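Please open the structure in your viewer and keep the selection panel at hand. The tour proceeds step by step, from the whole chain to particular places within it.

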Amino acid sequence: MDLSQSWEAQAEQWIKWARAPNDSYWRHHRDQFIRLLPAPGKQTVDVGCGEGRLTRHLKQLGHAVVGMDASPSLVAAARAADPSMDIVLANAASIPLRDKCADLAVAFMSLHDVDDMASAVKEIARILVPGGRLCMAIVHPINSCGRFEAATADARFVIQGDYLRSFRYSDAVESDGLSMTFHSQHRPLEAYFVALEEAGLLVEALREPAVPDEAIGSPAGRRWQRLPLFLQLRARRA
Ligand SMILES: C[S@@+](CC[C@H](N)C(=O)[O-])C[C@H]1O[C@@H](n2cnc3c(N)ncnc32)[C@H](O)[C@@H]1O
């Protein structure tokens, strides 16, 4: 099963998880990410939009936005949540939009879940006008290659395998009576930066946001103020 099929298989769980207030998206990550975005332009494309929570938020912020995802069930959920929105069922490695049709592409927490990330980045560059931006967020590669030994604020973080090797992994999590299994690909930072470089996308901003104090639910949560959960960046098409 490839990653997009694994996400389709988890679609029902993801819709519930993505809409529950405990997810990092609602507690801090969406607002941290939005700060990286340019002002709304002519056309924004949300690549790997899932059930569409960020796509809907971008619309509220004034973006003319098209959502795009490879999971039929998540696309159906995004369309049902706002039937006025344009949501396309497609693989990010082959985006069915014309060249230079967008001035902003957003890939929020999706590129580490895409099998052919390099082709997806090339496709994103193709649909951007010169000077257009890609804003992306991924699970930070240091996070995906290791783990804390315990759920305490001062726990040791251990990398047992290889940071430099790309590998597939699954994380089963539970919270507030919901369960979700995330299927993703660990890649070293260089893999993303080579993909951007080969697609002609120049990085102009990078963030490793700590979980802010107000989003820390328990003392143990402070371990995520020592190490980044996520990596965000903004790149410009040359
Ligand atoms: C963690 S979810 C993020 C969804 C959304 N951006 C959000 O934050 O709510 C990752 C998404 O990537 C999508 N995905 C995985 N492989 C894909 C591919 N090859 N093309 C497009 N989307 C893909 C999944 O279907 C899933 O919706």
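The steps below indicate what to select and what is found there.

Begin with the whole chain, bearing in mind that this is a predicted model. The chain contains 8 helices and 11 strands. Its C-alpha trace spans about 50 × 35 × 35 Å along the principal axes. A compact globule of 238 residues would have a radius of gyration near 18 Å, and the chain has 17 Å, which agrees. Of these 238 residues, 37% count as buried. Among the contacts with a separation of 6 or more, 68% join residues 24 or more positions apart.

Next, select the strands of the open sheet. Seven strands lie in the order β3-β2-β1-β4-β5-β11-β10, and their pairing is mixed. At the edges are β3 (86–89) and β10 (201–207), each of which pairs on one side only. On average, neighbouring strands of this sheet are turned by 20° against each other, direction ignored.

Now restrict the view to β10 and β11 (residues 230–237). In which sense do β10 and β11 pair? They pair in the antiparallel sense, over 6 bridges. Select V203 as well: it stands opposite A235 in β11. In general, the strands of a sheet pair through backbone hydrogen bonds.

Finally, select the ligand and the 23 residues around it. The residues that come nearest are W7, G48, G50, A70 and A92. This shell divides into 13 nonpolar, 6 polar and 4 charged residues. Highlight α1 (3–9) and α4 (53–60), each of which supplies at least two residues of the shell. The largest share, 3 residues, comes from α1.

Definitions and conventions
Residues numbered from 1 in each chain as written. Predicted model: local features only at pLDDT ≥ 70, side-chain atom pairs only at ≥ 80, totals over all residues. Near = placed C-beta within 6 Å. Helix = DSSP H or I, 4+ residues; strand = E, 2+ residues; numbered from the N terminus. Nonpolar A, V, L, I, M, F, W, Y, C, P; charged D, E, K, R; others polar. Pairing = 2+ DSSP bridges. Axes fitted to C-alpha atoms, helices over the stretch in contact; angles between N-to-C directions. Rg over C-alpha atoms; globule rule 2.2 N^0.38 Å. Buried ≥ 20, exposed ≤ 12 C-beta atoms within 10 Å, placed from the backbone. Contact = placed C-beta atoms within 7 Å.
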